[in-house]
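Work through the exercises below with the sequence and the coordinates at hand. Each task is followed by a solution in steps.

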Amino acid sequence: KIKDGRTAYDRKQFAVAIPMLEKELARTKTRSERGQLAYRLADSYRRTGQDEKSLEWFKTAYDNNAGPDALKGYAYALKKLERYSDAREQFKALGIEIGSPYEYRKEITACNVAEGWLKEQAGGSGWTIQPAPFNSPQNDFATMYAPDGRLVFTSDRAMSVGANNYTWTNNRFMDLFIVEPDAASAQEFDLQLNTPGNEGTACFNKMTGEIFFVRAIAAYKGDDAFCKIYTAQKNSEAAWDDATPLPFQKEKINYVHPALSTDGNTL
């Protein structure tokens, strides 16, 4: 049970940390403490995808002596929100503040290039981009074709397995889903592979039908969960066997996002 915003932030429970940090900020009495709390709040908003709010709080943190890290967060937030002119100026200021004016020249160049792309965009690129019909209001990502031609993807949508929400995002834990590419409704990929915890980012061996995917699991009950790459094979009854972790992995290290070479021989 987390009782304060600092602990929630350190435990990566960012959705839990946000309301706690906001209350603690209202009670803080010193400028230094306000800066540190504002930085944690800004980063919590960033890590939960709330970019406008993260921008506001990174600026507040910097104005309250949180230092170069707060200015760095502010610059990157501006860049992510496509405010490239402002981001460029903040990257310049950041380089001066840390005593290395050219430290962020790649980011400054990126802002210049992106501004050029936005101007070109007005003329049209020939590509039409639109959201797939099976998207949800939550996170949907990491699409991969299954051997039968359907799409498998990762999502923390409301229909995921399990009753609890993930304290990082306040969404459900992630699962694998499957859908026809032009369909509007997806379904759970497989209840044998999806658990109440996090699963995602699958790939398939087209030759054997074997699946590789990521599952977050703790070494023992009550310990922190780390990601491992699992594999499973369909049996003679066309059901998935129990998934097993690949043998080269060590405890308390994250292994993520498997991808197979075309011939299926290299992961």
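**Exercise 1. Strand pairing around β2**

Task: Which residue of β2 is the bridge partner of Phe141, and how many bridges join β1 to β2?

Solution. Note at the outset that the model is predicted.
- Step 1. The bridge partner of Phe141 in β2 is Thr154.
- Step 2. A further pair places Met144 opposite Val152 of β2.
- Step 3. Strand β1, residues 140-145, is joined to β2 by four bridges, and the two run antiparallel.
- Step 4. The two strands make a hairpin with five residues between them. In its turn, Gly149 has a positive phi of about 95°.
- Step 5. Now turn to β3, residues 175-179: five bridges join this strand to β2, again antiparallel. Leu151 stands opposite Val179 there.

**Exercise 2. The setting of β2**

Task: Decide whether the residues of β2 are buried or exposed, and state which way they point.

Solution.
- Step 1. Take buried to mean under 20% relative accessible area.
- Step 2. Leu151, Phe153 and Ser155 point one way from β2, while Val152 and Thr154 point the other way. Residues on both sides are buried.
- Step 3. Five of the five residues of β2, 151-155, are buried, so the strand is largely enclosed by the rest of the structure.
- Step 4. For the chain as a whole, 39% of the 267 residues count as buried.

**Exercise 3. Two sheets**

Task: Give the strand order of each open sheet and name the strands at the edges.

Solution.
- Step 1. The chain has eight strands, along with seven helices.
- Step 2. Four of the strands form an open sheet in the order β1-β2-β3-β4, with antiparallel pairing. The edges are β1 and β4 (187-188); each has a single partner strand, so one side of each is left without a neighbour in the sheet.
- Step 3. Another open sheet of four strands follows the order β5-β6-β7-β8, and its pairing is antiparallel. Here β5 and β8 (244-245) stand at the edges, each with a single partner strand, so one side of each lacks a neighbour in the sheet.
- Step 4. Within the latter sheet, β6 and β7 pair over eight bridges. One of these pairs Ile211 with Ala232 of β7.
- Step 5. Gly197 is found in the loop between β4 and β5. Leaving aside neighbours within four places in sequence, Gly197 is in contact with Phe173, Met174 and Asp175. From Gly197 to Leu176 the C-alpha distance is 11 Å, across 21 residues of sequence.

**Exercise 4. The nonpolar cores**

Task: Which residues touch the most other members of the largest nonpolar core, and which helix supplies its largest share?

Solution.
- Step 1. The largest nonpolar core has 32 residues, and Leu25, Leu41, Trp57, Tyr74 and Phe91 touch the most other members.
- Step 2. At least two residues of this core come from each of α1 (5-10), α2 (14-27), α3 (31-47), α4 (51-63), α5 (68-80), α6 (84-97) and α7 (105-121).
- Step 3. The largest share, six residues, comes from α5.
- Step 4. Apart from this core lies another, of 14 residues, including Ala146, Ala202, Tyr230 and Ala243.
- Step 5. Return to Phe91. Not counting residues up to four places away in sequence, Phe91 touches Ala75, Tyr76, Lys79, Tyr104, Glu107, Ile108 and Cys111.
- Step 6. As background, nonpolar side chains tend to be buried together in soluble globular proteins.

**Exercise 5. The largest pocket**

Task: How many residues line the largest pocket, and which strand gives the most to the lining?

Solution.
- Step 1. The space in the largest pocket is about 1,300 Å³.
- Step 2. The pocket is lined by 38 residues, and Tyr166, Trp168, Asn198, Ala216 and Ala225 are the closest to its centre.
- Step 3. Strands β5 (199-204), β6 (211-218) and β7 (225-232) each supply at least two residues of the lining. The most come from β6, with five.
- Step 4. Sorted by class, the lining has 15 nonpolar, 16 polar and seven charged residues.

**Exercise 6. The chain overall**

Task: What box do the C-alpha atoms fill, and what share of the contacts joins residues 24 or more positions apart?

Solution.
- Step 1. Along the principal axes, the C-alpha atoms fill a box of roughly 65 × 55 × 35 Å.
- Step 2. Of the contacts with a separation of 6 or more, 43% are between residues 24 or more positions apart.

Key: Residues are numbered from 1 along each chain as its sequence is written. This is a predicted model: local features need pLDDT of at least 70, side-chain atom pairs count only at pLDDT 80 or more; totals for chains, interfaces and linings use all residues. Side-chain values use heavy atoms; hydrogens and water are left out. A nonpolar core is a set of buried Ala, Val, Leu, Ile, Met, Phe, Trp, Tyr and Cys residues joined through side-chain atoms within 4.5 Å. Buried means under 20% relative accessible area, exposed over 50%, partly exposed in between (1.4 Å probe, protein chains only). Contact means heavy atoms within 4.5 Å. Two strands pair if DSSP finds at least two bridges between them. On a 1 Å grid over the protein atoms alone, a cavity is a set of points where a 1.4 Å probe fits but cannot get out, and a pocket is an open set with protein on both sides within 12 Å along at least five of seven lines; lining residues have an atom within 4 Å of a point. Grid points are joined across faces, edges and corners, and a volume is the space filled by probe spheres set on the points. Ala, Val, Leu, Ile, Met, Phe, Trp, Tyr, Cys and Pro count as nonpolar, Asp, Glu, Lys and Arg as charged, and the others, Gly among them, as polar.
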